[in-house]
Amino acid sequence: MSNVKNEDFLTPAQAAKELGISVATLRKYSLIVEHTTENANYFERNSQNNRLYTSTNLDDFKKMVELGHEPKMTLDLAAQKVYPTTDEAKTTDDSHLEQGIADLKAENKKQLGTIEKLKKEVSDLKAANEKLESSNETLKTENVQSEERTSELKERVNEQVQDDKKGHWWNRFVK
């Protein structure tokens, strides 16, 4: 911290007014920049530990906000494009990306295994369904044949009963 009293620096209220935003929003932008640069002392501070801003800082904020309004762009990503980061931070980000990619590949492999398992189950179910349909057809055929046999037997019984009703039972012996 330095005890700076220079006209090149603006207070948070002056900087916010210059940008047309609230002091809270300026604080949010400053925190994003400090996080992106991994430097909590990126901005000069006064004796009360308030951030002080230069015209360059304000121009960078304007660029960051302008980039942040682009499609699929967050303020964090915009800050990464506007503010310099250390090579170590980039390496850390790269390792996070590599880990993320590895995790996604593992998840993808797991999902492909699940898909193959489900395909096999569907195939097995189709085969079982075909077998059941075949059995059902066989049963229908046997049922029709059974009904035909039953019908024939009923006709024979009716014929015998009709023959029996032609006379008395003793007539069968007397003839």
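In the next few minutes I will walk through the overall make-up of this protein chain, then the packing of its helices, and then a few single residues.

Please keep in mind from the start that this is a predicted model, and that every value I quote is computed from that model.

Let me begin with the chain as a whole. Its secondary structure amounts to six helices and two strands, and if you follow the elements from the N terminus onward, they come in the order α-α-β-β-α-α-α-α. The chain has 175 residues, of which 17% count as buried. The exposed surface comes to about 14,200 Å², and carbon and sulfur atoms contribute 52% of that area. As for how the sequence folds back on itself, if we take the contacts between residues at least 6 apart in sequence, 52% of them join residues at least 24 apart.

Now to the helices, where I would like to go through three pairs, beginning with α1 and α3. Helix α1 covers residues 12-19, and its axis and that of α3 come within 11 Å of each other, crossing at roughly 45°. At that angle the two helices are therefore oblique to each other, and the crossing is a right-handed one. On the α1 side the contact is made by Ala 15, Glu 18 and Leu 19, while α3 brings in Leu 58, Phe 61 and Lys 62. Sorted by class, the residues of this contact are four nonpolar, no polar and two charged.

The second pair is α2 with α3, whose axes come within 11 Å and cross at roughly 90°. That angle makes α2 roughly perpendicular to α3. Which residues make the contact here? From α2 they are Leu 26, Tyr 29, Ser 30, Ile 32 and Val 33, and from α3 they are Phe 61, Met 64 and Val 65. By class, this contact of α2 with α3 holds seven nonpolar residues, one polar residue and no charged ones.

The third pair is α2, residues 23-37, with α4, residues 75-82, and these pack at an angle of about 60° with their axes 9 Å apart. The two helices are therefore oblique to each other, and they cross in a right-handed sense. In this case Lys 28, Tyr 29, Ile 32 and Thr 36 of α2 meet Leu 75, Asp 76, Ala 79 and Gln 80 of α4. The contact of α2 with α4 is made up of four nonpolar, two polar and two charged residues.

From the helices I turn to single residues, starting with Tyr 83, which sits in the loop between α4 and α5, the latter running over 87-164. Is Tyr 83 buried or exposed? Its relative accessibility is 2%, so Tyr 83 counts as buried. Once its neighbours within four places in sequence are set aside, Tyr 83 is in contact with Val 33, Thr 37, Tyr 42, Asn 57, Asp 60, Phe 61 and Met 64. Tyr 83 also lies 7.5 Å from Thr 36, C-alpha to C-alpha, although 47 residues separate the two in sequence.

Next comes Arg 51, which is placed in strand β2. With a relative accessible area of 13%, Arg 51 is buried, because the cut-off for buried is under 20%. Not counting residues up to four places away in sequence, Arg 51 touches a set of residues that includes Leu 10, Pro 12, Arg 27, Ser 30, Leu 31 and Glu 34. Among the others that Arg 51 touches are Phe 43, Glu 44 and Arg 45. The C-alpha atoms of Arg 51 and Ser 30 are 8.5 Å apart in space, with these positions 21 residues apart in sequence terms.

Finally, I would point to two loop residues for their backbone angles. Asn 49, in the loop between β1 (44-45) and β2 (51-52), has a phi near 70°, which is a positive value in a residue other than glycine. At 39% relative accessibility, Asn 49 counts as partly exposed. Lys 72, in the loop between α3 (55-68) and α4, likewise has a positive phi, about 55°, although it is not a glycine. Lys 72 is exposed, with a relative accessible area of 84%.

Conventions
Residues are numbered from 1 along each chain as its sequence is written. This is a predicted model: local features need pLDDT of at least 70, side-chain atom pairs count only at pLDDT 80 or more; totals for chains, interfaces and linings use all residues. Side-chain values use heavy atoms; hydrogens and water are left out. Axes are lines fitted to C-alpha atoms, for helices over the stretch in contact, and angles run from 0 to 180 degrees between N-to-C directions. Helices (H or I, at least four residues) and strands (E, at least two) are DSSP runs, numbered from the N terminus. Angles under 35 degrees count as roughly parallel, over 145 as roughly antiparallel, 65 to 115 as roughly perpendicular and the rest as oblique. A crossing is left-handed if the near helix is turned anticlockwise from the far one by less than a right angle, and right-handed if clockwise. Contact means heavy atoms within 4.5 Å. Ala, Val, Leu, Ile, Met, Phe, Trp, Tyr, Cys and Pro count as nonpolar, Asp, Glu, Lys and Arg as charged, and the others, Gly among them, as polar. Buried means under 20% relative accessible area, exposed over 50%, partly exposed in between (1.4 Å probe, protein chains only). Accessible areas come from the Shrake-Rupley method with a 1.4 Å probe; for residues, only the protein chains shown count as cover.
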